[in-house]
Amino acid sequence: MGDLRVDGPDSPPVVSPEETAGRFYGELMGAMPDWKRRLGEDPSRLAELEHEVRDSFHRGADLVVAGLIALVMKQSGFDEACEQTRRNYRFPLARGRTRPLGIRLLGGVLIWVTSLYCEPRRGSFRKAEEKVPGLHIELAQFGFGKGCSPALESRVSRQAALCPSLQFAQEELARDGLPMDVKAIGRITYQCGRGMLALRTHEVVQWRQGELPAGAELEGKRISVQIDGGRTKIRGELRPAAREAEKTDEDGLPVEDAPGRSKKRPRQTFDAEWREPKLVTIFVHDADGRMEKKSQATMDGTFLGPDAMAELIAMHLHRLGAARAASITFVGDGAPWIWDRLPTIVRLANLEGVRVHEVLDCCHAVHHISLALAAMGLNDQERMPLYREHRKLLRNGQWRRVVEELSGLAELVGENEKTATEIAYLRKHGEAGRLQYPTFRKLGLPMGSGAIESSIRRVINLRLKNNGMFWREDHAEEMLQVRAQVISKRWDERVKAMRQHLRYDRRTDWKWEPQAMSIKA
C-alpha cells in the first residue's frame, strides 16, 4: 500500500483531505492581508490579483485532491480492486515492488507517490511481444498517465491540439496558471495520442475477430460517410549536412564579404516529403442532406495508407451500428483509392441489408467539364457558355448527353489525351451511378463533400500543415488522432474508453498491418 507526499519525497505522508484542506486554509489566510492591502492601495491591480487568487485556489484544489487520493489508497477495498486489476491484465503480472514516482496534478502541484509496480511474468508472452510494459497497479485505479494526472493529461493534450504549435500551447497554459516545459507538453500530448491509437488498434483487432460489439448510435438514421485526403510534410532521419564550398576570388582567396559567409551552418539536416493523411467523417444527415443539428460526427484519419483508412471506416461503421441504419451515402471526389474500396467496406461492415448510395461530389464533377473544355484549347468566351450549359445538364442528371456532346466537340477541335481523360472520368462515374443528382435530391442525400473538406481544413491544415512545419511520422499520427477527437467533440468519450483499455493493457504499439481492401486485389 503506497504513500502520498506533497512537500517533497522525504516529507511526511498525507493522511486525509481534511489535513490538506486545513493546510490550504492556512495558506489562504496568510495571503489574505497582502491581497487586501495591495488592492486597497491600487484598485487597478485587480486583474493581477485575480490571477494570483485563482492560482492559489488551483493549488488548494490540488491539495484536496491529493488528500482524497491518499485516503482512498488506505481503504481496505482498494487493495482488492488492485489485485483484481493485476489478475485481469492482458499478460500475467508478477507480485511487483514499490516505486516512488513524481506526478503533477491539474493545478500544477507535484506530488510523490509510492506505488506498486508489477512487471510481466517472465516467459508469459511471445518474443514478438517482449517489450510488454508492466503496470503501476495503484495508479491505474485512478487513470494516471506517465507523470501526470488524468485531468492534466486531458487539459494539456487538448490545448496542444487546439493551438497552432506546442510553443503557443505552452504560453496559453502558463497564462492559465500552469507553467510547463514545452518538451513536457509534447510528451504528454503524444502519450495521450499513443493511448488513443492503441485503443483504436485494439478495436480493429477485436473487429477482425468478431468480438467488437455493434452499437446502436446510427440505428434507423440516414448516414453520410465522406472521405478525402490532405497534405502534411513528414521529415526523414537526420543526416550530416553537406558542406557548401567557400566562395573565392580570381586568385583563389576566400571572399570575406560574400553574402551569408558568417551565417552559422547546421551540422545535420533531414529530407522532407509531402504525405497524404487520409481522413473520414461519419455523420447523420437530415432530409435536405445536411448534418443534423446537435448531432456528433465521428472523425478519424491515418498516415498508414488507403487500405488502413478503408479498414478503419468499416470498423467504425460496425462499432456505431451502421448495419441497422436507414441509408448510407458515401461521398467523395474522384480519387480511385476511395471507390475501389467501397465494396469491401460494405461487405466487411455487413451493410448488404442497408440502402447504400455512392455520390461523386457535384463540384468536382462539374470541374472536370471545365477541364475538358480547357483541354480543347477554347478561349474564355467560347468555353464559359458551353461550361454553363453542360454544368446545368450534369446537375439535371443528363451525364450521358454531356459525355456525348463533349466527345463530339473533341472530335471537331482535335481530341487529345487530356480531353479523353476528362471525358472518361465523367463516363466512369456516370456508369457507376454516382451522377444521379436529381435522384439524390429527391431522396434528400448530400451531393457535396463540404463536410469532409471542412474536416480536412480544421483537423489537418490548421494544425499539421503550417509553414515550415515538419513532423515525425509517429508524432503526426498521434497529433492527427488527438486533433480529430477534439474537433469532433468526442474527446471525453474516447479518453474514457482509452483509460479503461490502458488499465488492462499498457501496450501503446498502435501500428497494424492492414488487409487488402481494394477490389483489384
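Of the 521 residues in the protein chain, 45% count as buried. The model is a predicted one. Its secondary structure comes to 18 helices and 13 strands. Along its principal axes, the C-alpha trace spans about 90 × 80 × 60 Å. Among the contacts with a separation of 6 or more, 75% join residues 24 or more positions apart.

Start with the interior. The largest nonpolar core has 61 residues. Within this core, Val225, Leu317 and Phe330 touch the most other members. Helix H8 gives the most to the core, with eight residues. What does Val225 touch, leaving aside residues up to four places away in sequence? Its partners are Val280, Thr281, Ile282, Ile313, Leu317, Ile328, Thr329, Phe330 and Val331. Two of the names from the core's best-connected trio, Leu317 and Phe330, appear in that list. A second core is separate and has 39 residues. Its members include Val156, Cys163, Leu199 and Leu279.

Now turn to charge. The structure holds 36 salt bridges. One of them joins Asp3 to Lys74, with the closest N and O atoms 2.8 Å apart. This pair links distant parts of the chain, 71 residues apart. Asp3 lies in the segment before strand E1 (4–5), and Lys74 sits in the loop between helix H2 (46–73) and helix H3 (76–87). Asp3 is partly exposed, with a relative accessible area of 24%. Lys74 is also partly exposed, at 40%.

Glu119 pairs with Arg97 in another salt bridge, where the closest N and O atoms are 3.3 Å apart. Here too the pair links distant parts of the chain, with the two positions 22 residues apart. Arg97 belongs to strand E2 (residues 97–104), while Glu119 is in the loop between strand E3 (110–118) and strand E4 (135–136). Glu119 has a relative accessible area of 34%, so it counts as partly exposed. Arg97, at 41%, is partly exposed as well.

A third bridge connects two helices. Arg208 meets Glu311, the closest N and O atoms being 2.6 Å apart. Arg208 is in helix H7 (residues 182–208) and Glu311 is in helix H8 (residues 306–319), 103 residues apart. Are these two residues buried or exposed? Arg208 is partly exposed, at 41% relative accessibility. Glu311 is buried, at 0%. Helix H8 thus carries this buried charged residue, and H8 also gives the most residues to the largest nonpolar core.

Salt bridges can also form a network. Asp34, Arg37, Arg38, Glu41, Arg45, Glu48 and Glu52 are linked in this way.

Strand E3 holds Trp112. This residue is partly exposed because its relative accessibility is 23%, and buried means under 20%. Leaving out residues up to four places away in sequence, Trp112 touches Asp3, Leu4, Arg5, Val6, Asp7, Gly8, Pro9, Leu101 and Gly102. That list includes Asp3, the salt-bridge partner of Lys74. The C-alpha atoms of Trp112 and Val156 are separated by 20 Å, with the two residues 44 apart along the chain.

Next comes helix H13 (residues 399–413). It has 15 residues and reaches 21 Å from its first C-alpha to its last, close to the 21 Å expected at 1.5 Å a residue. Its buried residues are Trp399, Val402, Val403, Leu406, Ser407 and Ala410. Why do they share a side of H13? They cover an arc of only 130° around the axis, which puts them on the same side of the helix. The general rule is that an α-helix has 3.6 residues a turn, so residues three or four places apart point the same way. The face turned away from the buried side carries the exposed residues Arg400, Glu404, Glu411 and Leu412. Cover for the buried residues of H13 includes helix H11 (362–375), helix H12 (380–395) and helix H14 (417–431). After H13 comes Gly414, with a positive phi near 100°.

Finish with helix H16 (residues 450–464). At 1.5 Å a residue, its 15 residues should span 21 Å, and its end C-alpha atoms are 20 Å apart, which agrees. H16 has a kink of about 30°, centred on Arg457. Its buried residues are Ile452, Ser455, Ile456, Val459, Ile460, Arg463 and Leu464.

Methods
Residues numbered from 1 in each chain as written. Predicted model: local features only at pLDDT ≥ 70, side-chain atom pairs only at ≥ 80, totals over all residues. Heavy atoms only, no water. Salt bridge = Lys/Arg side-chain N within 4 Å of Asp/Glu carboxyl O. Helix = DSSP H or I, 4+ residues; strand = E, 2+ residues; numbered from the N terminus. Buried < 20%, exposed > 50% of the residue type's maximum accessible area, 1.4 Å probe, protein only. Core = buried A, V, L, I, M, F, W, Y, C linked by side-chain atoms within 4.5 Å. Contact = heavy atoms within 4.5 Å. Expected span 1.5 Å × (residues − 1). Arc of directions from axis to C-beta. Bend = angle between axes of the 7 residues up to and from the residue.
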